[in-house]
Amino acid sequence: MYNLARSLLFKFDPEVSHELSLDVLGASSRLGLTSLYAHDEAATPVNVMGIDFPNAVGLAAGLDKNADAFEALGALGFGFVEVGTVTPKGQSGNPKPRLFRLPEHEAIINRMGFNNKGVDHMVARIRKHNYKGVLGVNIGKNLATSVEGAAADYLACLEQVIPYADYITANISSPNTPGLRSLQFGDSLAELIAPLVEAKQRYADEHGRRVPLAVKIAPDMSDDEIKMVADTLVDQKIDAIIATNTTLSRTAVIGHEHANEAGGLSGAPVRDASTHVVRVLCDHLQNELPVIGVGGILSGADAVEKMQAGAKLVQIYSGFIYRGPELVHESITATDGYIRENHLGK
Ligand SMILES: Cc1cc2nc3c(=O)[nH]c(=O)nc-3n(C[C@H](O)[C@H](O)[C@H](O)COP(=O)(O)O)c2cc1C
């Protein structure tokens, strides 16, 4: 079924087919039609960051940037959906074209640049919903905000979404907002994260509800840099690390007509780099913090590979574009088998 839809959708410009798919999914959930394609995969729940996840397979950030279709996407079986990246104010992102498919490589290059409708729209969408899985909200900064002023943007988003999110992710690893990735290093990281951790603690004290904070990092780091980031994040008492975002590397796609497009590369070519980051993090952290593995999952076996490297949960983006709901079910079944064998479930 998805193969048919895909051959149709892949005839359109990538961004047009993206918008079209989200519109159809969003409309189906507003009309109460998700039961037509809903899929409830039986799986062992896993507890990560103090949250019970119905299964270990999530939708990565960036597909549903405005939370317009997360209930319908959730109905496809995802145990969790991460909406965003949302910024305080709506912004249009980079000029089009800014999204490129590389089907020969099962890959995507994007330089969207955090196009989104802003945090007020997001809050209106998530304040009441009927998604039974776990809802993560991924936050960032506006393009017009300087890197030095970034903390205020992240804080503004966190304070607005915290009542409605199951967890929040600070995205400091998009390659498409100039300077953003510099926030991963040195004093900048601690200075960005400390006020967010304080704010979520304040919220927990006032409302008796703990909302975990995750930080999403890039794959383009040396092992020493990965370990330094991990140490800072442990010191800052965050709750999880999401590894990884897209890569700037083009080694795997050299010669492709789109290889030299600026932006982040995702899908199969980022798989090994992402898994490497997960492994280095997990070996270094020794279970001090859970890691969520994302990057290049195109099969159930790829999802299990992330868990073998130490990830407690996985997320998918590009694989979902290429393989659709079938990949979600395959990944749930495969990771559930791994979780049972290794007694990792709740
Ligand atoms: C078109 C596109 C847009 C994305 N937008 C975001 C985003 O807004 N925020 C974010 O944290 N990650 C974003 N990502 C990165 C994905 O969440 C994911 O980390 C990355 O693509 C690697 O996973 P994959 O190989 O399964 O796609 C985006 C990826 C793609 C392809």
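Trainee: How many bridges join strand β7 to β13, and in which sense do the two strands run?

Mentor: This is a predicted model. In it, strand β7 (residues 107-110) is joined to β13 by 4 bridges, and the two run antiparallel. Individual residue pairs show this register: I109 has L265 of β13 as its bridge partner, while N110 lies opposite G264.

Trainee: Which strands make up the sheet that holds β7 and β13?

Mentor: The order is β6-β7-β13, an open sheet of 3 strands with antiparallel pairing. The edges are formed by β6 (99-102) and β13; each has a single partner strand, so one side of each lacks a neighbour in the sheet. From one strand to the next, the twist averages 20°.

Trainee: Where do the residues of β13 point, and are they buried or exposed?

Mentor: To read a strand, one sorts its residues by the side to which they point. In β13 (residues 264-267), G264 and S266 point one way, L265 and G267 point the other way, and all of them are buried.

Trainee: Which strands close into a barrel, and what is the sense of their pairing?

Mentor: The barrel has 8 strands in the order β3-β4-β9-β10-β11-β12-β14-β15, with parallel pairing. On average, neighbouring strands of this sheet are turned by 25° against each other, direction ignored. One of the pairs is β3 (residues 57-59) with β4 (residues 80-86), which are joined in the parallel sense by 2 bridges. There, L59 stands opposite V81 of β4.

Trainee: Why does I168 count as buried?

Mentor: One compares the relative accessibility of the residue with a cut-off, and buried means under 20%. I168 has 1% relative accessibility and therefore counts as buried. The residue belongs to strand β10 (residues 167-171).

Trainee: Which residues does I168 touch, leaving aside those up to four places away in sequence?

Mentor: I168 touches V137, I139, L158, V161, I162, V211, P212, L213 and A214. P212 illustrates a contact across the sequence: I168 and P212 are 44 residues apart along the chain, yet their C-alpha atoms are separated by 6.4 Å.

Trainee: At what angle do helices α8 and α9 pack, and how far apart are their axes?

Mentor: Helix α8 (residues 271-285) and helix α9 (residues 300-308) pack at about 25°, and their axes are 9 Å apart. The two helices are therefore roughly parallel to each other. On the α8 side the meeting residues are R271, S274, T275 and V278; on the α9 side they are D302, E305 and K306.

Trainee: Which strands does α9 lie across?

Mentor: Helix α9 lies across β14 (291-294) and β15 (313-316), and its direction is at about 140° to β15. Both strands appear in the barrel order given above.

Trainee: How does the radius of gyration of the chain agree with that of a compact globule?

Mentor: One sets the value for the chain beside the value expected for its length. A compact globule of 346 residues would have a radius of gyration near 20 Å, and the chain, at 18 Å, agrees with this. Along the principal axes, the C-alpha atoms fill a box of roughly 50 × 45 × 40 Å. Of the 346 residues, 57% count as buried. The chain exposes about 14500 Å², of which carbon and sulfur atoms supply 52%.

Trainee: How many helices and strands does the chain have?

Mentor: The chain has 11 helices and 15 strands. Among contacts between residues at least 6 apart in sequence, 74% join residues at least 24 apart.

Technical notes: Residues numbered from 1 in each chain as written. Predicted model: local features only at pLDDT ≥ 70, side-chain atom pairs only at ≥ 80, totals over all residues. Heavy atoms only, no water. Buried < 20%, exposed > 50% of the residue type's maximum accessible area, 1.4 Å probe, protein only. Pairing = 2+ DSSP bridges. Axes fitted to C-alpha atoms, helices over the stretch in contact; angles between N-to-C directions. Rg over C-alpha atoms; globule rule 2.2 N^0.38 Å. Contact = heavy atoms within 4.5 Å. Areas by Shrake-Rupley, 256 points an atom, 1.4 Å probe, with all protein chains shown as cover. Parallel < 35°, antiparallel > 145°, perpendicular 65-115°, else oblique.
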